[in-house]
Amino acid sequence: MKKILVANRGEIALRIMRTIRKMGLRSVAVFSQADRDSLHVRFADESVCIGPAPSSQSYLNGEQIIKVCKGLGADAIHPGYGFLSENAVFAQQVEDAGITFIGPGSEAMRIMGSKLAAKKSVKKYDIPMVPGIDHAVTDVVHAKQIADEIGYPILIKASAGGGGKGMRVVHHPDAMLEQMERAIGEATSSFADGSVFIEKYISSPRHVEVQIIADKHGNVIHAFERECSVQRRHQKVVEESPSSIITPELRKRMGDAAVLVAKSCNYSSLGTVEFLMDEKLNFYFLEMNTRLQVEHPVTEMITGLDLVEIQIRIAMGEPLILKQEDLSMNGHAIELRVYAEDPLNNFLPSIGVLTRYEKPEGEGIRVDDGYEQNMSIPIYYDPMIAKLVVHGTTRAEAIRRMILAVRSYKIDGVKTTLPFGTFVFEHEAFVSGNFDTHFVPKYYLPEKILEKQKANAEVAALLALKIWKKNSQLLKVVAHQSTNWKRRLSN
Ligand code: ADP
């Protein structure tokens, strides 16, 4: 393998290309007309425009991407995350074209891409599952019967779901019809597959996931867990590794379960097995993500691994040289997703030009981003600007480092999740480790951010006044001092 095409954009395209370069390979960028001046295009050894801004006409245009790949003689495609990364049909077309897809085989992707097929696949192993059904349901009367058996509250979920879409909590049978119609509608419009199923709604769960590394020779290991419970709209914003509540014994049990999930579908490549965990630390299999995960840097920070390099080597057919016992955790890492969103206005996207963009630097700080000052955030794609990742010897040190790093991250022109990050990292529940996926609805008060901004503005105004007074004092002194020049004038 000599040349790899990266079928993605933004921070993840850049992050992947850095490893490609480090490995002595060549990279090809593909880009939409909106991304002509992006950093991933400048960084790549070769780059090709694949279409207009909307992703359906560019980053999701698999045929065009394969054509570019063949035309430039690239040996492999790295899909990153999002876009075509979990599209089994695309993976198959890539393989059929004689190109290596850097990810699992299309069959494993097909199974794990459907939450229902995934449940069926792991059934043969003794893996705890969230109580619920493992088939699609369309009839409301049948759905109510199932919900009665499971017990309310229940969750209606889209089988093809992703990004928290197509999910509806139902607390009472009366709401079932309306919520089912909504879930089916959302699933059909987002995933072109209206199958929904029912699961027990776990009231205060934590989201804990395990990083899997599997080669094409049957070796499967895990690189510990990531805690991703701080979410808004069922989507992660803050992740950390290790989780503050997992004991070594529990880590081993979860790790073993995750390895079995991967084995259930002959998985090879990087993958993430997601679990929900209740208050009593019982864990349940949720789903498997068959790609490089957004939050992979926290695992890299505590293990010292380059996960993208491992993923590429696996795709090349190399056997894993690492054994489970070779891996160890060093310190603690936390990631904040810096989105162009307004944390004071329901996290709505805040699109615009980055009139100021200065990122933090220093020991234990890593910023994975795809922007520079004066670049604009396009409305067509996910509004993530960067991932701010810190490492510390302890969790407390990592939190301290994160608070300072957020403070020195200066972004003007758009609203960001940075002030939300400060709220989280200073909050007693996060600091103590005692929180769940309801952190935002339970604790988050946008007023606190406003109060803080007001207090900061007052301090800044007082400081400015102090400086002004000092300067005017100096001016007076200067005005009273006679100078030779004055004397010369009067002569
Ligand atoms: P998606 O594929 O859309 O990301 P997931 O199944 O991974 O969906 O779930 C995303 C989030 O939704 C979880 O992290 C959790 O916060 C919440 N969630 C999912 N299933 C349940 C459940 N059965 N009970 C409570 N919360 C759930």
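The largest cavity in this structure holds about 40 Å³ of space. Keep in mind that you're looking at a predicted model. With a threshold of 30 Å³ or more, the count comes to 1 cavity.

So what lines that space? Among the residues around the largest cavity are His-78, Phe-101, Thr-290, Arg-291 and Gln-311. Sorted by character, the lining splits into 5 nonpolar, 6 polar and 1 charged residue. Where does the largest cavity sit relative to domain 1 (3–102) and domain 3 (206–447)? Both domains give residues to the lining, so the cavity lies between them.

Now for the charged pairs. The structure holds 41 salt bridges, and here are three you can look up:

| Salt bridge | Closest N to O distance |
|---|---|
| Asp-35 and Arg-9 | 2.6 Å |
| Asp-368 and Arg-366 | 2.9 Å |
| Arg-356 and Glu-358 | 3.2 Å |

Take Asp-35 and Arg-9: this pair links distant parts of the chain, 26 residues apart. Asp-35 is in the loop between β2 (26–32) and α2 (39–43), while Arg-9 is in the loop between β1 (3–6) and α1 (10–22).

Are these partners buried or not? Asp-35 and Arg-9 are both buried, and Asp-368 and Arg-366 are buried too. Arg-356 has a relative accessible area of 30%, so it counts as partly exposed. Its partner Glu-358 is partly exposed as well, because its relative accessibility is 37%; the partly exposed class runs between the 20% and 50% cut-offs.

Some salt bridges also join up. Arg-366 and Asp-368 belong to a network of salt bridges that links residues including Arg-15, Lys-22, Glu-300 and Arg-313.

Definitions and conventions. Residues numbered from 1 in each chain as written. Predicted model: local features only at pLDDT ≥ 70, side-chain atom pairs only at ≥ 80, totals over all residues. Heavy atoms only, no water. 1 Å grid on protein atoms, 1.4 Å probe; cavity = no way out; pocket = protein on both sides within 12 Å on 5 of 7 lines; lining within 4 Å. Points joined across faces, edges and corners; volume = space filled by probe spheres on them. Nonpolar A, V, L, I, M, F, W, Y, C, P; charged D, E, K, R; others polar. Domains from an automatic or database assignment. Salt bridge = Lys/Arg side-chain N within 4 Å of Asp/Glu carboxyl O. Helix = DSSP H or I, 4+ residues; strand = E, 2+ residues; numbered from the N terminus. Buried < 20%, exposed > 50% of the residue type's maximum accessible area, 1.4 Å probe, protein only.
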